[in-house]
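Q: Got a minute to go through this chain with me? Let's start with the fold and then look for pockets.

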Amino acid sequence: MYALALIRYRVLLEAVESVTESHRAYLRELKAAGTLVASGPFSPRTGGALLLRVSDDKAGAALDAVRDGDPFWRDGIANYELLPWNLVIGGGELDAR
């Protein structure tokens with residue numbers, strides 16, 4: 001199953017930047033594990049989005065674990081909106097990776 005995580009900053013950008021490297025290190029771990037497909041900030045920089053791939057069974061718990069491990073979440077920098085996504089078009093291309 002795929003999912004989107006919408007991340008919205010709760011603090012000024014200066015505070016976000018103080019945690020950004022820890023956040024990106026965490027995302028690199030998710031990418032290496034095969035959970036993160038793609039990520040990046042919004043423009044203007046009010047937050048960002050993650051495209052995630054998680055197991056169909058226990059998807060909710062897997063998404064909660066992604067959120068709970070993020071320094072942005074743990075440090076109160078950002079809110080997360082976790083959206084399981086029933087990908088209809090283009091999923092086969094992503095699955096082939």
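**Fold and pocket**

A: The protein chain has 5 helices and 4 strands (DSSP runs numbered from the N terminus: helices are H or I with at least four residues, strands are E with at least two). This is a predicted model: local features need pLDDT of at least 70, side-chain atom pairs count only at pLDDT 80 or more, and totals for chains, interfaces and linings use all residues. Numbering starts from 1 along each chain as its sequence is written, and side-chain values use heavy atoms, with hydrogens and water left out.

Q: In what order do the elements of the protein chain run from the N terminus?
A: They go β-α-α-β-β-α-α-β-α.

Q: Why does the radius of gyration agree with a compact globule?
A: Because a compact globule of 97 residues would come in near 13 Å, and the protein chain has 13 Å. The radius is taken over C-alpha atoms, and the globule rule is 2.2 Å times the number of residues to the power 0.38.

Q: How much of the protein chain counts as buried?
A: Of its 97 residues, 37%. Buried means under 20% relative accessible area, with a 1.4 Å probe and protein chains only.

Q: Switching to Phe72. Is Phe72 buried or exposed?
A: Phe72 counts as buried because its relative accessibility is 2%. Phe72 is found in helix α4.

Q: What is Phe72 in contact with, leaving aside neighbours within four places in sequence?
A: Ile7, Tyr9, Val16, Val19, Thr20, His23, Ile77 and Ala78. Contact means heavy atoms within 4.5 Å.

Q: And which residues of helix α3 are buried?
A: In α3, residues 59-69, they are Ala59, Leu63, Val66, Arg67 and Gly69. Their cover includes β1, α2, β3, α4 and β4.

Q: Now pockets. How much space lies in the largest pocket?
A: About 160 Å³. His23, Arg24, Leu27, Gly40 and Pro41 are the closest to its centre, out of 15 lining residues. A pocket is an open set of points on a 1 Å grid over the protein atoms alone, where a 1.4 Å probe fits, with protein on both sides within 12 Å along at least five of seven lines; lining residues have an atom within 4 Å of a point. Points are joined across faces, edges and corners, and the volume is the space filled by probe spheres set on them.

Q: Which elements each supply at least two residues of that lining?
A: β1 (2-9), α2 (20-32), β2 (36-41) and β3 (47-53).

Definitions and conventions: Buried means under 20% relative accessible area, exposed over 50%, partly exposed in between (1.4 Å probe, protein chains only).
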